[in-house]
Amino acid sequence: SSISLCATRGDMDNMTGITVNDLTWFTNYLFKGGADPIPMDAGDINGDSDINVNDLTYLVSFLFQGGAQPPSCTQ
């Protein structure tokens, strides 16, 4: 098993906490060729080992609709 440097899934900019800035970062990453999440594990928001629009949906749900907090990077 590899060691993850990710503190929190969804914290794209590694600035301690998930905010709208992380949503903007992730949207730019997915659709506009923006910078990678720091570290990449942070972009696997739903913890399914794949980074895609499902993670974006999870992040929007968490930030704006009272959805579940992203799982820890160690799960």
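**Exercise 1.** In this predicted model, find which residues Leu59 touches, not counting residues up to four places away in sequence, and then place Leu59 within the largest nonpolar core.

*Solution.* Begin with the contacts: once residues up to four places away in sequence are set aside, Leu59 touches Gly10, Ile18, Asp22, Leu23, Phe26 and Ile45. Next, turn to the largest nonpolar core, which has seven residues, namely Met12, Ile18, Leu23, Phe26, Ile45, Leu56 and Leu59. Then ask which helices contribute, and you will find that helix H1 (20-32) and helix H2 (53-64) each supply at least two residues of this core. As background, nonpolar side chains tend to be buried together in soluble globular proteins.

**Exercise 2.** Describe helix H2 by its span, by its buried residues and by the residue that caps its N-terminal end.

*Solution.* Start with the span: H2 has twelve residues and reaches 16 Å from its first C-alpha to its last, which is close to the 16 Å expected at 1.5 Å a residue. Now look for the buried residues of H2, which are Asp55, Leu56 and Leu59. They lie on the same side of H2 because they cover an arc of only 100° around the axis. On the other side of H2, by contrast, Thr57 and Phe64 are exposed, while H1 is included in what covers the buried residues. Finally, inspect the N-terminal end, where Asn52 acts as the cap, with a side-chain oxygen that lies 2.9 Å from the backbone nitrogen of Asn54.

**Exercise 3.** Determine where Ser61 is placed, and whether Ser61 counts as buried, partly exposed or exposed.

*Solution.* Ser61 is found in helix H2. Its relative accessibility is 22%, and therefore Ser61 counts as partly exposed, since buried would mean under 20%. Leaving aside neighbours within four places in sequence, Ser61 is in contact with Gly66 and Gly67. Of these, Gly66 comes just after H2 and takes a positive phi of about 70°.

**Exercise 4.** Locate the backbone features at Asn14, Ser49 and Pro39.

*Solution.* Take Asn14 to begin with: this residue sits in the segment before H1, and its phi is near 55°, a positive value in a residue other than glycine. Ser49, in the loop between H1 and H2, likewise has a positive phi, of about 70°, although it is not a glycine. As for accessibility, Asn14 counts as partly exposed at 37%, whereas Ser49 counts as exposed at 71%. Lastly, Pro39 has its place in the loop between H1 and H2, and a cis peptide bond with omega of about -15° joins Ile38 and Pro39.

Conventions. Residues numbered from 1 in each chain as written. Predicted model: local features only at pLDDT ≥ 70, side-chain atom pairs only at ≥ 80, totals over all residues. Heavy atoms only, no water. Core = buried A, V, L, I, M, F, W, Y, C linked by side-chain atoms within 4.5 Å. Buried < 20%, exposed > 50% of the residue type's maximum accessible area, 1.4 Å probe, protein only. Helix = DSSP H or I, 4+ residues; strand = E, 2+ residues; numbered from the N terminus. Contact = heavy atoms within 4.5 Å. Expected span 1.5 Å × (residues − 1). Arc of directions from axis to C-beta. Polar contact = N/O pair within 3.5 Å; in protein donor to acceptor, adjacent residues only side chain to side chain.
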